[in-house]
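Colleague: Please take a close look at the side-chain contacts in this one. Start with the charged partners and work outwards from there.

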Amino acid sequence: GVLAVPGAGGAPHVNANLFVHLPDPHRIYLHSARAGALPNALAAPEGVPASFTAAEMGRLLPAPEALEFSVEYSGVVATGTARTVGARVEAEMALRALLDKYAPHLIPGRDYRAIVPDELRRTAVYRLDVEAWSGKEKAVEDHPGSFPLSRVPIPFRSDG
């Protein structure tokens, strides 16, 4: 997912990161280092206006005419207020939720050391309090000639 917050100099600061959404209330959590552009942008205790987006691309859907080519996709845009999580209990809960989402087959205390206080001092946790969101999706059952997209090259990487 990508979080966008007001950045220095007027341009938005965007941060692509792993995320977890927890409902009731709807909140999106991310984490990063405690120093840098994102923590600086979220230094205000009352938070800042922010947007978050996550998307998934499915198969490419060819057609007889180039104009009719399409793609399967799903995505969401959420807006609200982003802030740094200050409470240790909430930060630890968010980090555990991230670990559970991305490594559900691994058990803390068995497969890896559980979160310790020193790690919480080195890691910042951010929260977007979702005020509104909208999503869009296109999925098709059977489409002749459809195919998955190969890895998209990243322009600034030496292998892309």
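**Side-chain contacts, close up**

Modeller: Glu72 is buried, because its relative accessible area is 11%, under the 20% cut-off. This is a predicted model, so every value here is computed from predicted coordinates. The partner of Glu72 is Arg59: the two form a salt bridge, with the closest N and O atoms 2.8 Å apart. Arg59 belongs to strand S5 (residues 48–61) and Glu72 to strand S6 (residues 70–84), so this pair ties together parts that lie 13 residues apart in sequence. Arg59 has a relative accessible area of 22%, so this residue counts as partly exposed. A buried acid thus meets a partly exposed base.

That is one contact among several. The count for the model comes to 12 salt bridges. General background: side chains of opposite charge can pair when their charged atoms come close.

Next, take Arg27 and Asp129. They form a salt bridge whose closest N and O atoms are 3.1 Å apart. This pair links distant parts of the chain, since Arg27 lies in strand S4 (residues 27–33), Asp129 lies in strand S7 (residues 123–138), and 102 residues separate them. Arg27 is partly exposed, with 24% relative accessibility. Asp129 is buried, and its relative accessible area is 15%.

Now a pair within a helix. Arg121 forms a salt bridge with Asp118, and the closest N and O atoms are 3.8 Å apart. Both residues sit in helix H3 (residues 117–122), three residues apart, so about one helical turn separates them. Arg121 is exposed, at 56% relative accessible area. Asp118 is partly exposed, at 35%. Elsewhere, salt bridges with shared partners join Arg27, Arg83, Glu90, Arg127 and Asp129 into one network. The pair of Arg27 and Asp129 therefore has both its residues in that network.

Turn to the rings. The model has one aromatic pair by the rule used. The ring centres of Phe19 and Phe52 are 4.9 Å apart, and their planes meet at 65 degrees, so the pair is edge-to-face. Phe19 lies in the loop between strand S2 (13–16) and strand S3 (20–22), while Phe52 lies in strand S5, so the contact ties together parts 33 residues apart in sequence. Phe19 is buried, with a relative accessible area of 16%. Phe52 is buried too, with a value of 2%. Phe19 has a charged neighbour as well: the charged end of Lys101 sits over its ring, 3.7 Å from the centre.

Strand S5 comes up twice in this account. It holds Arg59, the salt-bridge partner of Glu72, and Phe52, one half of the aromatic pair.

Next comes the largest pocket. Its volume is about 200 Å³. The lining is made up of Leu18, His31, Leu95, Leu98, Leu99, Tyr102, Ile115, Glu119 and Thr123. Helix H2 (residues 88–102) gives the largest share of that lining, with four residues. By type, the lining has six nonpolar residues, two polar and one charged.

The backbone has a notable stretch as well. Asp24 and Pro25 are joined by a cis peptide bond, with omega at about 0 degrees. Asp24 also has a positive phi of about 60 degrees, although it is not a glycine. Asp24 lies in the loop between S3 and S4, and Pro25 has its place in that loop too. Asp24 is exposed, since its relative accessible area is 75%.

Last, the overall frame. The protein has three helices and eight strands. Along the sequence they follow the pattern β-β-β-β-α-β-β-α-α-β-β. The C-alpha trace spans about 60 × 45 × 40 Å along its principal axes. Of the 160 residues, 28% count as buried. Among the buried residues are Glu72, Asp129, Phe19 and Phe52.

Key
Residues numbered from 1 in each chain as written. Predicted model: local features only at pLDDT ≥ 70, side-chain atom pairs only at ≥ 80, totals over all residues. Heavy atoms only, no water. Salt bridge = Lys/Arg side-chain N within 4 Å of Asp/Glu carboxyl O. Helix = DSSP H or I, 4+ residues; strand = E, 2+ residues; numbered from the N terminus. Buried < 20%, exposed > 50% of the residue type's maximum accessible area, 1.4 Å probe, protein only. Phe/Tyr/Trp six-rings, centres within 6.5 Å; stacked < 30°, edge-to-face > 60°. Lys NZ or Arg CZ within 6 Å of the ring centre and 35° of its normal. 1 Å grid on protein atoms, 1.4 Å probe; cavity = no way out; pocket = protein on both sides within 12 Å on 5 of 7 lines; lining within 4 Å. Points joined across faces, edges and corners; volume = space filled by probe spheres on them. Nonpolar A, V, L, I, M, F, W, Y, C, P; charged D, E, K, R; others polar.
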